Amino acid sequence: MLAELALQEAIAQVGEEHEFEPGEVIMDYGDYIRFVPLVIDGSIKVLRQSAESGNELFLYYLNAGETCAMAFTCCMMHKKSEIRTIAEDKTTIISIPLKSMEDWMSRYPSWKNFIMISYNNRFQELFNALDNIAFLRMDERLLKYLANKSRTLSSKELGITHQEIARELNASREAVSRLLKKLERANLLSLGRNKITLLKSPEQLEDFALD
């Protein structure tokens, strides 16, 4: 979508490259957002925190070739961040400053299209997150979460604890551990110390239903 040569040259001129290690916070709650990230490599996890309870909920991943529409909105409106973004694995981004973003919206059709498509994709991700909470059982949410994480990392070995999963699904650790044990007995995954190894493909996980 960013195929215009003039736009590519503009990105190269004003963009700054940043690298983040797995688990490193890129943007935190309350930060003023001065740039929009273009993900070049790796993936970013986006979380939302409840103002009342302080609990966090996983929203979606940003992968290579994508940007964060919520960051774009906060940046344009000079609002503080209402999300936290964390590098899921080794991640490289190009940061685009506010002045350039505003200018490019009218100057480069491909940039405008890129931003509008990003808005649509992120809204769809948010709708999916709401649907998962409202309409799926906890075991179905957990299976979708593991499948999505596996796709994002292109790996069946997931370095994550039961507590981290519980926090991102806004569930109790006991409930998550109990369901993971059931999935292990069903030969869908293998549990290790701070690690979960999937024994099925993401598609097979999403199609599976516990009794």
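Q: Hi! Which residues lie nearest the centre of the largest pocket?
A: Hi! This is a predicted model, and in it Phe58, Leu59, Glu125, Asn132 and Asn148 lie nearest the centre of the largest pocket. They belong to a lining of 22 residues.

Q: Which elements give two or more residues to that lining?
A: Those elements are S5, H4, H5 and H6.

Q: And how much space lies in the largest pocket?
A: The largest pocket holds about 420 Å³ of space.

Q: Okay, new topic: the sheet. What order do the strands of the open sheet come in?
A: The order is S2-S6-S4-S5, so to speak from one side to the other, with 4 strands and antiparallel pairing.

Q: What holds strands of a sheet together, in general?
A: Strands pair through backbone hydrogen bonds, and the pairing can be parallel or antiparallel.

Q: Which strands stand at the edges here?
A: Strand S2 (25-27) and strand S5 (56-63) do. Each has a single partner strand, so one side of each is left without a neighbour in the sheet.

Q: What does the twist average?
A: From one strand to the next, the twist averages 30°.

Q: How many bridges join S4 to S6?
A: There are 5 bridges between strand S4 (residues 43-49) and strand S6 (residues 83-87), and the two run antiparallel. To find a spot to look at, try Arg48, which stands opposite Ile83 in S6.

Q: Which helices lie across S4 and S5?
A: H5 is one of them, running at about 30° to S5. Helix H6 (residues 162-169) also lies across S4 and S5, and H6 runs at about 95° to S5.

Q: Let's zoom in on Thr152. Where does Thr152 lie?
A: Thr152 lies in helix H5, which covers residues 138-153.

Q: Does Thr152 count as buried or exposed, and why?
A: Thr152 counts as buried because its relative accessibility is 13%, and buried means under 20%.

Q: What does the side chain of Thr152 reach?
A: The side chain of Thr152 reaches the backbone oxygen of Asn148, at 2.9 Å. Asn148 also turns up among the residues nearest the centre of the largest pocket.

Q: And which residues does Thr152 touch, not counting those up to four places away in sequence?
A: Thr152 touches Ser43, Tyr61 and Asn63.

Q: Last one, helix H2. Which residues of H2 are buried?
A: In helix H2 (residues 69-77), the buried residues are Ala69, Ala71, Phe72, Cys74 and Cys75.

Q: What covers them?
A: The cover includes S2, strand S3 (35-41), helix H3 (98-107) and helix H4 (109-135).

Q: And what follows H2?
A: His78 follows H2, and the phi of His78 is positive, near 55°.

Definitions and conventions
Residues are numbered from 1 along each chain as its sequence is written. This is a predicted model: local features need pLDDT of at least 70, side-chain atom pairs count only at pLDDT 80 or more; totals for chains, interfaces and linings use all residues. Side-chain values use heavy atoms; hydrogens and water are left out. Buried means under 20% relative accessible area, exposed over 50%, partly exposed in between (1.4 Å probe, protein chains only). A polar contact is a pair of N or O atoms within 3.5 Å; within protein, one must be able to donate a hydrogen and the other to accept it, and residues adjacent in sequence count only if both atoms are side-chain atoms. Contact means heavy atoms within 4.5 Å. Two strands pair if DSSP finds at least two bridges between them. Axes are lines fitted to C-alpha atoms, for helices over the stretch in contact, and angles run from 0 to 180 degrees between N-to-C directions. On a 1 Å grid over the protein atoms alone, a cavity is a set of points where a 1.4 Å probe fits but cannot get out, and a pocket is an open set with protein on both sides within 12 Å along at least five of seven lines; lining residues have an atom within 4 Å of a point. Grid points are joined across faces, edges and corners, and a volume is the space filled by probe spheres set on the points.
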